[in-house]
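User: I am new to this structure. Please walk me through some of its strands and one of its pockets.

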Amino acid sequence: MCFLPDAEQRAFAQSLDTMLGKAGTPAVARDWSRGERTGGRALWARIAEAGVFALAVPQAHGGLGPRPVEVALAFVELGRHAVPGPLVETVAAAALLTGAGPAERFLADLASGGSMATLAVEGAYAVDGDAAALRLVLGADGLRLSPGHGPVRSSLDPARRLTRLLPGGQLLVPRPPVERALSWARLATAAQALGVGLALLERTVAYVGQRVQFGVPVGSFQAVKHRLADARIALEFARPLVLGAAVTMSAADVAAAKAAACEAAYTTARAALQLHGAIGYTAEYDLSLWLTKARALRTAWGSPDDCRAEVLRGRP
Amino acid sequence: MDLAHSPADEAFRAEARAWLHAHVPAAALPSLETAEGFAAHRAWEAELAADGWSVVNWPARFGGRDCGLMRWLLFEEEYYAAGAPGRVGQNGVSLLAPTLLEHGTEEQRARVLPAMARGEVVWAQAWSEPEAGSDLASLRARAVRADGGWRLSGSKTWSSRAAFADRAFGLFRSGPGTGRPHQGLTYVMFDLRAPGVTVRPVGRLDGKPAFAELFLDEVFVPDEDVIGEPGGGWRIAMSTAADERGLTLRSPGRFLAAADRLHALWRERGSPQATASRVADALIGARAYQLFTYATASRFLAGERLGAESSLNKVFWSELDIALHETALDVLGAEGEAVGTEWAQGYVFALAGPIYAGTNEIQRDIVAERLLGLPRGRRG
C-alpha cells in the first residue's frame, strides 16, 4: 500500500519540471497563440523525448504504457509551465486508437512525438486542428479521420486555437472506446488544471509578498492571506483525487478529479487576478497565460456539472 | 503508487466489520448531550472495550490493539459505515491520550488510559476561557504551588462534554512567563467533582448541554496529575496538536458514511436536480478527504513530521461537514426543520466545526504564514 507517488515517479515529474523551467514556455505559448509553431514543435519533441506521450501508448506500438499515474504527474507539470498544444487530445487519441485494429498504425507516431493529434465530437470545436497531423472526429457512425479543418477561432485562452473539423473522411473505427478516451481526456485535463492552479498560486504568493501598499506587503493583510489559503486548500485536496483517479481510472473517480481540480484552479485564478490588481488584467503580463487556461480547461471535456452527474451515476 | 490495502489490513477490516455488524445497536442511542444518552454512550464504550475495539491504535497494555494509524483509519471507516454511535470519549482519546503517550509518566498512562478506554472515566477538555479562545496563550486561570501539588483558581468555558464528564484537562498559568504568554503554563488533569469545582452546563444552539462553564476555587491537584514539567505546558499541549492529531481529530470515515447516507437520502427523494451538484460535491469532498488522509498518513508513517498541514485538514473537513448537512436539510425540505432527527443533530454539531479547535480564520492564517510563507501581519 502506498498512497504517494514513488521515488521514480517523483523523479520523473521533477526532471520534466526542470526541463520545462528552462524552455521559456511563456514565449513559446505566446508564439503558439499567433500560429507561430517552431518553438512549440521543438518543445513538443522534447516532451515526447521525455516519454510523456509514450506513457499513453501500449508497448506493442512503441510506447511505455498505458501508465495513467505517470501521465497525470506529467500533465501537472505541463500545466504548471503553461505548455501549449493539443496535449490532452493527443493522449486521448492514443486511448481511442488502442485496440483499434489497423488504426493502431497511428500510435507509434503519437508516442514518438512525430505527430500531434486533435480530437472532437462531430460539430464541436477541436483544439489546434490547424497544427495537428491527426484530426479525429467522433460521429454517430464511429471514429473518422477528418480531411481538414475550418477557420481558426480564438479561445478565451489564446494558446488554444479552436477549429471545427471537416466532416467525411475515412472511417477508422466503427465502435471506438469513447468512454475510455473520455476518461483519459478528463484525467489529463484535471492534472493540467491542477498544475495551472499551482502556478497561479505560486506566482500570486510571490507577488503579494513584495507588492507594498499602505506601507506593508499586501500579503500581510488577512483578507489576502485567506483567499490564498483557500486556494491552497482547494488545490491540496484536488491533488489526491487526481492521483487516485489515475490509479483506478473509473469514470466516476476521473470525473470527481476533473470537477475538483478545475474548480480549484478556477478559484485560484479568480484570487490570482484579484490579488494582482490591474497588472494581472493585462495580456502582456505572463499571469494571463494561466488565468485564461484555468477558465478554458474548466469546461473542456466536461463541465463541472457534467462531471458531478457522472459521479452520481457511478454510485451504486 | 496504489490504493490497495495489504491482505492483512483487509483482514483486519473484515474482522472489524463483522464485530460491528453483530454489536451496533439496532436503534440509535439517545443524544450523548443528555444525561440518559451520556450513560448509554458510556455503556457502548465499555462494550467496545470489552472486545478491544475502543482504542484500536493504542498499545495493547492500555486496552488497544497496537494496530497503527492505517488500520485505525480502516476501523473508523467501518465504524461509521455501520452507523455506530458517536464517541463520547473523543476528547480524551484524541487530545489527552496522545499527550500522555508522548509526555506522560508510565504511572499516569497506566492510571488514566485503561479507564479512558473502557469509558469508565470520560474526559472533558478545559482549554478555553472567557478571554482566551483562539488566542489560547492569553489564558488566566491559575495554578498556585501547594503542599504536594497545586491549587487551581479561575474559570474555563466552552468545555466540551463537561456537563456530564468525570475529569478534565487543560492549561493553567503557574508562573509569570517572563513576558511571553506561552511560558509559565502548566498542563493539569483535574477531577470535575473535586471540592471547589462548579460546573454550569451551557446549552448549545439546540439547547442541549454540549459544553459547560467551569468555576474553580482553590481546587487541589496532586503533583501526579501534572503532565510534564510545570511551566512547560504550552509546548506539551501543542506538540501533539499538530502531528498525529491533525489526522486523528476527525477521520474520513465519518464523512464518507455521511456522504453515502446523503446520497441514499437524495435517491429516496427522487434525485431532485436542484440539489444534485451539492450531493455530488459531498461525495467528491469525502473521497478527497479520504485520499488526502491516506497520503498524509503514508508520509507520517515514513517518518515525516507534519506541522501546519493539519490546518488544511481542519478547514476542509469542517466546511465539508456543514455543506453536507445543509444539503441534507435542503433535500428534506420543510421536514428538515424538525429537530431530533439524525440530520438535524448532525447539522447542529457540524456548525461548531469552524469555531472549535482553533477557528478556521486562525487556521487560514497558519496556512498562509507557515505553508505559503506570507508575511506575518495584522490580524485585522
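User: How many bridges join strand β3 of chain A to strand β4 of chain A?
Analyst: This is a predicted model, where local features need pLDDT of at least 70, side-chain atom pairs count only at pLDDT 80 or more, and totals for chains, interfaces and linings use all residues. Residues are numbered from 1 along each chain as written, chains are lettered from A and ligands numbered from 1 in written order, and side-chain values use heavy atoms, without hydrogens and water. β3(A) covers residues 134-139 and β4(A) covers 142-145, strands being DSSP runs (E, at least two residues) and helices H or I runs of at least four, numbered from the N terminus. They run antiparallel, and the bridges joining them number four.

User: Which residue is the bridge partner of G139(A) in β4(A)?
Analyst: β3(A) and β4(A) form a hairpin with two residues between them. In β4(A), G139(A) pairs with G142(A).

User: Which residue of β7(A) is the bridge partner of R144(A)?
Analyst: β4(A) is also joined to β7(A), residues 170-173, by three bridges. These two strands run antiparallel. The partner of R144(A) is L171(A).

User: Which element gives the most to the lining of the second largest pocket?
Analyst: A pocket is an open set of points on a 1 Å grid over the protein atoms alone, where a 1.4 Å probe fits, with protein on both sides within 12 Å along at least five of seven lines; lining residues have an atom within 4 Å of a point. This pocket has 35 lining residues, and P5(A) and R10(A) are among the closest to its centre. With seven residues, the top contributor is α8(A).

Methods. Pairing = 2+ DSSP bridges.
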